[in-house]
Amino acid sequence: MRRALREKRSGLTPCDFETASIDTYVGTVPVLDDLRVRPDLLDYDCRNNRLAQWCLEQDGFAGRVAAARDRHSAGRIGFYLGTSTSGLHATELAYRRRDPKTGALPADYRYAETQNAYSLGEFVRRYLGLAGPGFVVSSACSSTAKAFGNAARMMAAGICDAAVVGGADSLCLMTLYGFQALGLTSHGPCRPFDAERDGISIGEGAGFALIEKGDRARSGAVLLLGVGESSDAYHMSTPHPEGLGARIAMQQALESAGLRPADIDYINLHGTATKTNDASEDKAVFEIFGPETPCSSTKGATGHLLGAAGITEAIVSILAIEDGLMPGSANTRSVDPAIRSNYLLENRQAKVTRVLSNSFGFGGSNCSLVLGVAQ
Amino acid sequence: MRVFVEGVGLLGPGLQGWGAARRVLAGEEPFRPAPTNIGGSDLLPAAERRRTPVPVKLALAVGQEAFQNAGRDAAAAATVFVSSSGEGETLHHMCEALASVEREVSPTRFHNSVHNAAAGYWGIATRSREASTSLCAYDASFPAGLVEAATQVVSCGKAVALIAYDQPYPEPLHSARPLAASFAAALVLAPDATRGAAATFEVAVLPGDEKPTGMSDSRLEELRLGIPAARSLPLLEALARKTQGEVVLDFLTELRLRVTVSRC
């Protein structure tokens, strides 16, 4: 991801997911077709849990969790994960194999281990051998950002000493056809904040982070400084036109971090590339931060990872801090003249100590995180 | 974690609102099982009301009742929604459409399919712009939500409503995930007694496999075992009977929740 960001590479390709016939671009993880989950967890085998497992095995993450287990004991490590559609694709496939006489689903269909939102939670809990309390947040596209808030509160309340946060969202027909029905899928690779933006490119992805109480942080470590959560109270699938809910979430995140807007070096926007999201998010960002603070969306590179957008963009924010890189917007050709925020088309190399990351979802669910380097 | 219980909402088979159901749970009146009467919540404008799926109606109804009983403005409180199985009817229609040749899916059904549909409609209905989350822990969804709500009350020092709801799936999903009946319960939890709370919960997560507290009435016990949201019943019974003591709730494998109920 580090290199992809530096090279401003986009992973979006024409949609060839399963039997979908939709004129759009998507971000796929092709390795999932042939992957199987660990033999002792075969009941949980579905695209979403394969994606979760594949991700847990990257960058030595599972090993780091095992080391934390030795340090804290498994019962003191919680798990706060997010997904929007979990293993829904397994149900889509099962509905094609219903008994023609009775309508029953095939005998090998496993509801709890695939379809249910908690399937991801129990799979990750077992995969990593965790024994602390946890659950799955499913608040559409803000899910894995909000999971950071859950974990921080649980640690503050002494419920656990460390937590695995993050989650996975994999491609399925429902999101592809559903977003198409709403007229929100892009025809080419999505172009956030572009004057000619025409919708989202749906992607699949996963990300995980192991977080521990901040009082043990070494100098230079990245800290979760603030979390802000709000509701639009406006519409199920359209953001508030003035970005009211978004503004409340950002203000609360700053407040809980004890920071002023000028303390933020870079904003990783939700920036889905729909007409309405980008316009209302710009209004909210401009109102708080004015025309200077550099900001961009990385969805032109990754696509919209839906429930996994929050964790993925938190990781982008951490990389921005570690590498001193504010990523430019992949696929965006020219910024919509109506946009007033300082939107980055090109990568910018600069010292980054504090980043704000936005995630907004259906149902008007908003979450902003502030991440920053320990002094 | 100590929280003050300000208001309760309840809907279940033979448990028609907290006002009536508390007498049943207190043993003052016999339990007469009857289909859950969800009715129409007047919280939403007519246009939105028509579009809301049944699980959302359930959640809104108990949430509204709990805030009324608490005498608190719903617009000023954060919410934690928990459902063990989400939006079953919507899921069924979407999967049927996607298994057909035409694959024509309704955009309204699509946005109603998200696990946080109830939270979204709640915000529209109450004008609450406060934080709201939507959780799932399968059969352990209620205790998961109680831990989250209590943590929020303690860490933010503000009132939080926990709204747990489960609506049975239509076939063929019902056979794969049987839920015994429609059931929803809501609790308005506060950080102090300034609003005249009647009871407090001291919530603790415990390792082990202690036997969870059951219901003395065998038919209510069937509900507790047959619907994840009804795992709230022993707590509601303690509130109705104004008893003090410990209630143990099933959480995840080798994890329990111990809730010490005290009178204010």
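# Notebook: strands, crossings and odd torsions in a two-chain model

**Entry 1, a parallel pair in chain A.** I began with strand β9 (residues 266–268) of chain A and found it running parallel to strand β10 (residues 294–296) of chain A, with two bridges joining them. Looking for the register, I saw that I267(A) stands opposite C295(A) in β10(A). A reminder to myself before going on: this is a predicted model.

**Entry 2, the sheet around that pair.** Next I wanted the whole sheet. In what order do the six strands of this open sheet run? I read β8-β15-β14-β9-β10-β12 in chain A, and the pairing is mixed. The edge places go to β8 (222–231) and β12 (342–343) of chain A; each has a single partner strand, so one side of each has no neighbour in the sheet.

I then checked what lies over this sheet. Helix α9 (residues 244–257) of chain A lies across β8, β14 (354–361) and β15 (365–373) of chain A. Its direction is at about 145 degrees to β8(A).

**Entry 3, a torsion between β8 and α9.** Walking the loop between β8 and α9 of chain A, I stopped at A233(A). Its phi is near 50 degrees, a positive value in a residue that is not glycine. Is A233(A) buried or exposed? I counted 21 other C-beta atoms within 10 Å, and a residue is buried from 20 upward, so A233(A) is buried.

**Entry 4, the three-stranded sheet of chain A.** I turned to the open sheet with the order β1-β2-β6 in chain A, again with mixed pairing. Here β1 (13–14) and β6 (202–203) of chain A are the edge strands, and each has a single partner, so one side of each is left without a neighbour in the sheet. β1(A) runs antiparallel to strand β2 (residues 25–27) of chain A, and two bridges join them. For the register I noted Y25(A) in β2(A) as the bridge partner of P14(A).

**Entry 5, where the chains meet.** How many residues does each chain bring to the contact? I found 52 residues from chain A and 53 residues from chain B. On the side of chain A that touches chain B, the elements giving two or more residues are α4 (88–95), α5 (111–115), β4 (134–137), α7, α8 (173–181), β8 and α9 of chain A. I sorted the residues of that side by type and got 28 nonpolar, 17 polar and seven charged.

Two of those elements deserved a closer look. The β4 strands pair across the chains: β4(A) and strand β4 (residues 132–136) of chain B are antiparallel, with two bridges. V137(A) has L135(B) as its bridge partner in β4(B).

The other element is α7. Helix α7 (residues 143–156) of chain A and helix α7 (residues 141–156) of chain B have axes that come within 9 Å and cross at roughly 70 degrees. I counted 65 to 115 degrees as roughly perpendicular, and α7(A) and α7(B) are therefore roughly perpendicular to each other. The crossing of α7(A) past α7(B) is left-handed. From α7(A), the residues N150(A), R153(A), M154(A) and A156(A) meet E148(B), T151(B), Q152(B) and S155(B) of α7(B). By type, this helix contact has two nonpolar, four polar and two charged residues.

**Entry 6, a torsion between β4 and α7.** The loop between β4 and α7 of chain A holds A140(A). Although A140(A) is not a glycine, it has a positive phi of about 55 degrees. I found 30 C-beta neighbours inside 10 Å, so A140(A) counts as buried.

**Entry 7, chain B strands.** Which strands pair with β9 (residues 255–263) of chain B? I found strand β7 (residues 199–207) of chain B, antiparallel over nine bridges, and strand β8 (residues 245–250) of chain B, antiparallel over six bridges. Two register points in β9(B): T200(B) stands opposite S262(B), and E246(B) stands opposite T260(B). β8(B) and β9(B) make a hairpin with four residues between them, and in the turn E254(B) shows a positive phi of about 60 degrees.

**Entry 8, a cis peptide.** Last, I looked at the bond joining E171(B) and P172(B), which is cis with omega about 5 degrees. P172(B) is placed in the loop between β5 (160–166) and α8 (173–176) of chain B.

Definitions and conventions. Residues numbered from 1 in each chain as written. Chains lettered and ligands numbered in written order. Predicted model: local features only at pLDDT ≥ 70, side-chain atom pairs only at ≥ 80, totals over all residues. Axes fitted to C-alpha atoms, helices over the stretch in contact; angles between N-to-C directions. Parallel < 35°, antiparallel > 145°, perpendicular 65-115°, else oblique. Left-handed = near helix turned anticlockwise from the far one by under 90°. Contact = placed C-beta atoms within 7 Å. Nonpolar A, V, L, I, M, F, W, Y, C, P; charged D, E, K, R; others polar. Pairing = 2+ DSSP bridges. Buried ≥ 20, exposed ≤ 12 C-beta atoms within 10 Å, placed from the backbone.
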